[in-house]
Amino acid sequence: MHMTVMNWLSSMLIVSFVLQGQMLCADQPRPNFLLIIADDLCWRDLGYEGNVDIKTPHLDLLCQQGMHLTRMYTPAPTCSPTRNALYSGLFPVRSGAYPNHTRLDDGIHSMFTYLKQAGYRCALHGKTHVGPAASYPYDYLTDQDDDDLISVRDYIAQTPQSPWLMVVASHEPHSPWNKGDRSLYDPETITVPSYLHDNKTTRDLLASYYREITYLDNQIGTLLDHLDQTGQGDQTLVIFLSEQGSSFPYGGKWSLYDNGIRASAIARWPGRIQPGSSTKALMQYVDIPATFLQLAGLDPTSINTGSRDGNGSMTMDGRSFVDVLMGKSDQHRDYVYAEHTTVGVNGYLEPYPSRAVRDARYKLIRNLAPENTFTIGGIHKGQPITSWKDDAKTDEKLAARIEYLFHRPGVELYDLESDPYEDHNLASDPRFAD
């Protein structure tokens, strides 16, 4: 199959596809792809998402210039499964990369493989957290100072006539939160989200986390400046993703609540995507490779991923959402899926596997070993949970919330329309038995 694709591309006779009612032919350049990924950023913690405390001017502008993808979901709430799924187009259990700090099974390919075979230059800057190397044939870029991202600018400027895929995987705002201007956020005046316990420790950590989000925003401003200065802004599809949630308790990471699996996402492509638009279409990280491949002139439904699914298919789990980007549809998936296991997470004591499915309104979570204690290093030890436990000695309501962090029921059901923070478990309500 790959030789057929290569011969087709090298002949340049029929490199064409329909895009927004227009034919993009061989004499028109195929789009570049710039994929920007934050690290441990809760989707709610951005200016354009409605958080008035947080300063993200560059991302706010990017959202105005493109389409806000308001229902983008990760298939896992930890870094390695999320990124392997994002690059491969396969759900984590199928690819083998479902515990954290793990890798794809041998023989599985990624979008770097397919696009490189199709004539794209492919690079990644920053955080990797994926493997094996054979599945990821990208050029790795690094800078002594991530503030300037000079290696990215130089790479995309090398051969402007050659299309490229550039992944910029920031390390921010992953803890430790030690970057950014300390004068930007006053711990005493910021608003603590309702799902976090409000005390001095929480406020101090939240201010540090917010500073690092603004630091990330400055990196993105520099990156977009490089794109414009090299004259490639108009021919580049930019997608920004917030990754899974933050490492605060109830902040999202390591959980299948929306704080953990919903991602803030923006897509910008001048002249193609309507500025200031938004969509409520349900979509997942695994859909991004298929979207890129279609826009590069390939057929994502005929790709051989190197992995066979339960029905015997070798193609991607992901589906292209080009029609959504082009404003032709506001529907994509009926359901999105996610999984998590504590195995592989630093500091875990017992396996705590969870699975979730969500439609536009409801979410069902199955905790497959509820008799075990959900315990990992990130949210169950250190701060702020230690200070929360101290406060809970005289606060029964807080004590109950903390207990829920360690022991959850086997079945959880939430109405996200009326209960966006997933506080009210409806699993035992007879109205929802079916």
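Visitor: How many disulfides does the count come to in this structure?

Guide: In this predicted model, the count comes to zero disulfides.

Visitor: How do you know that Cys79 is not bonded to the closest cysteine?

Guide: A disulfide needs two cysteine sulfur atoms within 2.5 Å, and the sulfur of Cys79 is 14 Å from the closest cysteine sulfur, in Cys42, which is therefore too far for a bond.

Visitor: What makes Cys79 and Cys122 count as buried?

Guide: The word buried applies under 20% relative accessible area; Cys79 has 2% relative accessibility, so Cys79 counts as buried, and Cys122, at 3%, therefore counts as buried too.

Visitor: Why is one set of residues called a nonpolar core?

Guide: The name is used because the members are buried residues of listed kinds, such as Met, Tyr, Val and Leu, joined through side-chain atoms within 4.5 Å. The largest nonpolar core has 51 residues, and those with the most contacts inside it are Met72, Tyr87, Val167 and Leu237. Its largest share, five residues, comes from helix 9, which spans residues 287-295. In soluble globular proteins, nonpolar side chains tend to be buried together.

Visitor: Which residues is Met72 in contact with, once its neighbours within four places in sequence are left aside?

Guide: Met72 is in contact with several residues, among them Leu241, Ile261, Met283, Ile288 and Phe321, and also including Arg262 and Gln284. There is, besides, a second, separate core of 48 residues, which includes Leu141, Met166, Tyr209 and Tyr210.

Visitor: What makes a space a cavity here, and how many cavities of 30 Å³ or more are there?

Guide: A space is called a cavity because a 1.4 Å probe fits there but cannot get out, and the count comes to four cavities of 30 Å³ or more. About 90 Å³ of space lies in the largest cavity, which is lined by 14 residues, with Leu149, Val168, Ala169, Ser170 and Gln219 nearest its centre. Helix 7 gives the most to this lining, with four residues, and the lining divides into seven nonpolar, five polar and two charged residues.

Visitor: What is notable about the phi of Leu149, and is Leu149 buried or exposed?

Guide: Phi of Leu149 is near 50 degrees, a positive value in a residue other than glycine, and Leu149 is found in the loop between strand 6 and helix 6. With the limit for buried set at under 20%, Leu149 has 4% relative accessibility and therefore counts as buried.

Visitor: How do you know that Asp40 is buried?

Guide: Asp40 has 1% relative accessibility, and so counts as buried by that limit of under 20%. Asp40 also has a positive phi, of about 60 degrees, although it is not a glycine, and lies in the loop between strand 3 and helix 2.

Visitor: Which residues lie nearest the centre of the largest pocket?

Guide: They are Tyr250, Arg401, Tyr421, Glu422 and Asp423, out of 20 residues that line the largest pocket, in which about 420 Å³ of space lies. The lining divides into eight nonpolar, six polar and six charged residues. About 230 Å³ of space lies in the second largest pocket, where Arg71, Arg262, Arg358, Ala360 and Leu416 are the closest to the centre, and where the lining divides into four nonpolar, one polar and eight charged residues.

Key: Residues are numbered from 1 along each chain as its sequence is written. This is a predicted model: local features need pLDDT of at least 70, side-chain atom pairs count only at pLDDT 80 or more; totals for chains, interfaces and linings use all residues. Side-chain values use heavy atoms; hydrogens and water are left out. Buried means under 20% relative accessible area, exposed over 50%, partly exposed in between (1.4 Å probe, protein chains only). Helices (H or I, at least four residues) and strands (E, at least two) are DSSP runs, numbered from the N terminus. Contact means heavy atoms within 4.5 Å. On a 1 Å grid over the protein atoms alone, a cavity is a set of points where a 1.4 Å probe fits but cannot get out, and a pocket is an open set with protein on both sides within 12 Å along at least five of seven lines; lining residues have an atom within 4 Å of a point. Grid points are joined across faces, edges and corners, and a volume is the space filled by probe spheres set on the points. Ala, Val, Leu, Ile, Met, Phe, Trp, Tyr, Cys and Pro count as nonpolar, Asp, Glu, Lys and Arg as charged, and the others, Gly among them, as polar.
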